[in-house]
Structures are given as structure tokens and as C-alpha cells.
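Trainee: Before we discuss this entry, I should like to understand how each descriptive term is justified.
Mentor: Then let us take the terms one at a time.

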Amino acid sequence: MTQCLPAVGPAARRPTRQAKVVWGDTVVRVGGDAPVVVQSMTNTDTADAIATAIQVKELALAGSEIVRITVNTPEAAQAIVAIREQLDRMGVSVPLCGDFHFNGHKLLTQFPECAQALSKYRINPGNMGGGKRRDDNFAQMIEVACRHNKPVRIGVNWGSLDQELLARMMDENQQRAVPLDAQAVMRDALVVSAISNAERAQQLGLPGDAIVLSCKVSHVQDLIAVYRDLSARCDYPLHLGLTEAGMGTKGVVASTAALAVLLQEGIGDTIRISLTPEPGGDRCREVVVAQEILQTMGLRAFTPMVIACPGCGRTTSTVFQELADDIQRYLREQMPVWRTQYPGVESMNVAVMGCVVNGPGESRHADIGISLPGTGEVPAAPVYVDGVRTVTLKGDRIAEEFQVIVQNYIEKRYGRQSGQ
Ligand code: SF4
């Protein structure tokens, strides 16, 4: 009798409309059958056009497919054109999303060249004033989006939730026979705010396929609950992200925990990891983390993956850690060029193992693998290529020689002249 095993892998993506974020010939599709898109956000002063253009370029080279920039002042709005021109001169065509709060209606109206240079607008309906003023400001921004043919992300945030809507929903909740707890009402208010503003944008003339939604919160379980609800109640593409995820390991873990659950359920069309960089830290880390979430889940491939064992008492030297680190860094640094030169290389696996206990087995399953000698083992490092042991490296230059083997393999397997 055949045993039925549970299916492995993420659920089918939830069907959505598809938004297009465009700059020149670059078209980033969000939702529908498009792969989950990686986004990031600058943290330079937007008014400093050169510094911002440099950071956008770094984020784009790291793999960010849309870069968001805050547009908070007239000076920032004026700088957008210079940033876009500078990027175009540098050959960086990544679409820019303008992040607007409070005065977005004024900036987009007063600086039409800024509205045109951006490829997408992020609007937070929770901080556009109250009552009629909010409605008018929102309508003004949507009218600009329609005029310039730009998609909009309606981004609702826990920290700036529409207080009038929340108060009304809290009152209605009190009328229920069994009222929900306040946290549940807040989650519901986020979803209602996002969907009702999207519907209003459509009534104002914005096409339904020019709308992306987000409802960001800072707690993992709330985020999962909100997005499950949101995905069940609309078919707009969804932008996932845990807001204020935090610094260092905590930010990475919290974002991964929340997003992995949702992505596994087929929810989420674009992601941004909101990490607080350490002083002097690399802003591109948020792009790397986003890519690694998607790649380790098998949803997309961006960079050859290094499979490394954790090391243990059998590996008392640091040679193996250094080799794993060197190879990982080397592979990532080459990707801006390799992406076009060696199509398919992003799916390659390289195993770097600390000893012969699991090393040969893991190496055989990778495209290329090496098992370094553990403490007390014969000082020899067997290398496997496509599952076959090819050479055993010895001496002081194991790292350099292994890197040459990796380079040659990539050239042979993924180079255009290979005919594959
Ligand atoms: S492969 Fe060897 S060094 Fe690495 S964790 Fe396993 S036993 Fe330890």
C-alpha cells in the first residue's frame, strides 16, 4: 500500500491583482504570478541627493528591486529629481518609491517633477489629518497618482492608525453581546482602514491594479493575524514587513518568524525587513536578510548558498569558519556581475564542512563541497564536484585553491559559452 506523505513546501500563492512599478525599461511586477519582490528603504537625508543616490545604488546592487525614500520636506521633494537623474547616469534603473506622511498632498502637488520621477507613492492614511481634511488630502494624492499613472501603496501602521476609525470601532464593539478584546479591535481597525482606503482610491479613479496594501505592526503574532485577515478580505497585492523589528539578531529573528509563517501560507507579494542598523552598520543588511528568507524557504534564488556546519569540538582551529565566511562573502560580492554573466548561478550550493563526520555526505549533495580536516585528522581536504570526489587539497593554500575550483566550476557550468 502506498503511503501518502504530506506535501512539502509553501502553499500556493494567494491569487491577487498585479501592480507594476516602472522606471524606463525596468518593470517590477508585484502580486499575481510575479515572484515575491524585495524592497528596502534609505536612511540618508533625502535632501542630500548625492548621499541618497549612492545609498540607493548600494541597495540596488545588493538586490533591492524597489527602493523607498522618505519625502518629508520641500527640499527632499526637490532632491528626488536630482537623485533619479544621478541614478540614471550611473545606470541604476531601480524604481523609487516616495514615502509620504502629513504633507504628501502638498509636496506631490507643488513638485510635479518629483511626482513624475518617483515610480510609486506610499501613502499612510492615518496621518493625513482628520475628517474632511484627511479625505481631501487623500483625494489630492490619489489624483496625482492617477495623473502620473503611478501605483500607490496604502500603508497603514499600528503607530499611526486612524484614531476616528478606531474610536468608532471601539464603540461598536461595546455594543456586541460579547465584546472583543481591545487588541482584536485594533487589528480589525487596521484591516478595515487599509481596505476602505483602497476602495476609496478606486472610487477616485485609481485602477485596482495600481494598489498595494500593507498593515504593519511590531509584534509577530499580531502581524500574522492581521495579514491572514487582510488576505482573506481582499485581492490587492500585499506588502509584508514587521515594523520597528529592532536591532541585530532580534530584528532578524522577529522579521523571519513573522514573514516565514505568512509566506508559507502563500501570503505576501513583496517584503521589506525593517532592521535598525548598528551605528556605522551596513544598510544593505536588510536586503540580504530579505533575500535569505526567500531563498532558504525555496521561494526564490538570489546568491549561491553556502552550507556550513556549525563546527564543534572536532574543529578547534578557525580555518573552517574563515573559509566559509570568505566563500560566502566572495559569492555575494560577485553577484552584481554574475547575475548577467552566469545566469542560474544563484541556485548553486557550496558546502563547507568542518570535518569528515558529515562533510563528505553533505559535500556530495552540494554542487561543490569541501571537508576541511578536523582536529587530529589527516591534513587533507577532499573536494566534491557534482557529487564526485575530484581532488584532495593539502597544505597552507587550501582556501585559495578551493576558490579557484569554485570560479572554474561557475565559468564552466553557467558561462554563456557553456551552451547551457
Ligand atoms: S561536520 Fe564535523 S566539525 Fe562540523 S559539526 Fe559535524 S562533527 Fe562537528
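**Terms and their grounds**

Mentor: The model is predicted, so local features need pLDDT of at least 70 and side-chain atom pairs count only at pLDDT 80 or more, while totals for chains, interfaces and linings use all residues. Residues are numbered from 1 along each chain as its sequence is written, and side-chain values use heavy atoms, with hydrogens and water left out.

Trainee: Where is Cys309 found?

Mentor: Cys309 is in the loop between strand 13 (305-308) and helix 11 (319-341). Helices (H or I, at least four residues) and strands (E, at least two) are DSSP runs, numbered from the N terminus. The UniProt annotation "binding site", from an unreviewed entry, covers Cys309, Cys312, Cys355 and Glu362; such annotations may be inferred rather than shown by experiment.

Trainee: What makes Cys355 count as buried?

Mentor: Buried means under 20% relative accessible area, exposed over 50%, and partly exposed in between (1.4 Å probe, protein chains only). Cys355 has a relative accessible area of 10%, and is therefore buried. Cys355 is placed in the loop between strand 14 (349-353) and helix 12 (359-365).

Trainee: Which residues is Cys355 in contact with, leaving aside its neighbours within four places in sequence?

Mentor: They are Arg314, Pro360, Ser371, Leu372, Gly374 and Glu377. Contact means heavy atoms within 4.5 Å.

Trainee: Why is Val289 called buried?

Mentor: Its relative accessibility is 8%, so Val289 counts as buried. Val289 belongs to helix 10 (residues 285-296). With neighbours within four places in sequence left aside, Val289 is in contact with Val252, Ile273 and Leu275.

Trainee: How do you know that the length of helix 7 agrees with its number of residues?

Mentor: The expected span of a helix is 1.5 Å times one less than its number of residues. For the 22 residues of helix 7 this gives 32 Å, and the end C-alpha atoms are 31 Å apart, so the two agree. After helix 7 comes Gly205, with a positive phi near 115°.

Trainee: What does helix 7 give to the largest nonpolar core?

Mentor: A nonpolar core is a set of buried Ala, Val, Leu, Ile, Met, Phe, Trp, Tyr and Cys residues joined through side-chain atoms within 4.5 Å. The largest has 87 residues, of which Ile83, Tyr121, Leu213, Tyr227 and Leu230 touch the most other members. Helix 7 (residues 182-203) gives the most to this core, with nine residues. Apart from it lies another core of 28 residues, among them Ala324, Met348, Ile398 and Phe402.
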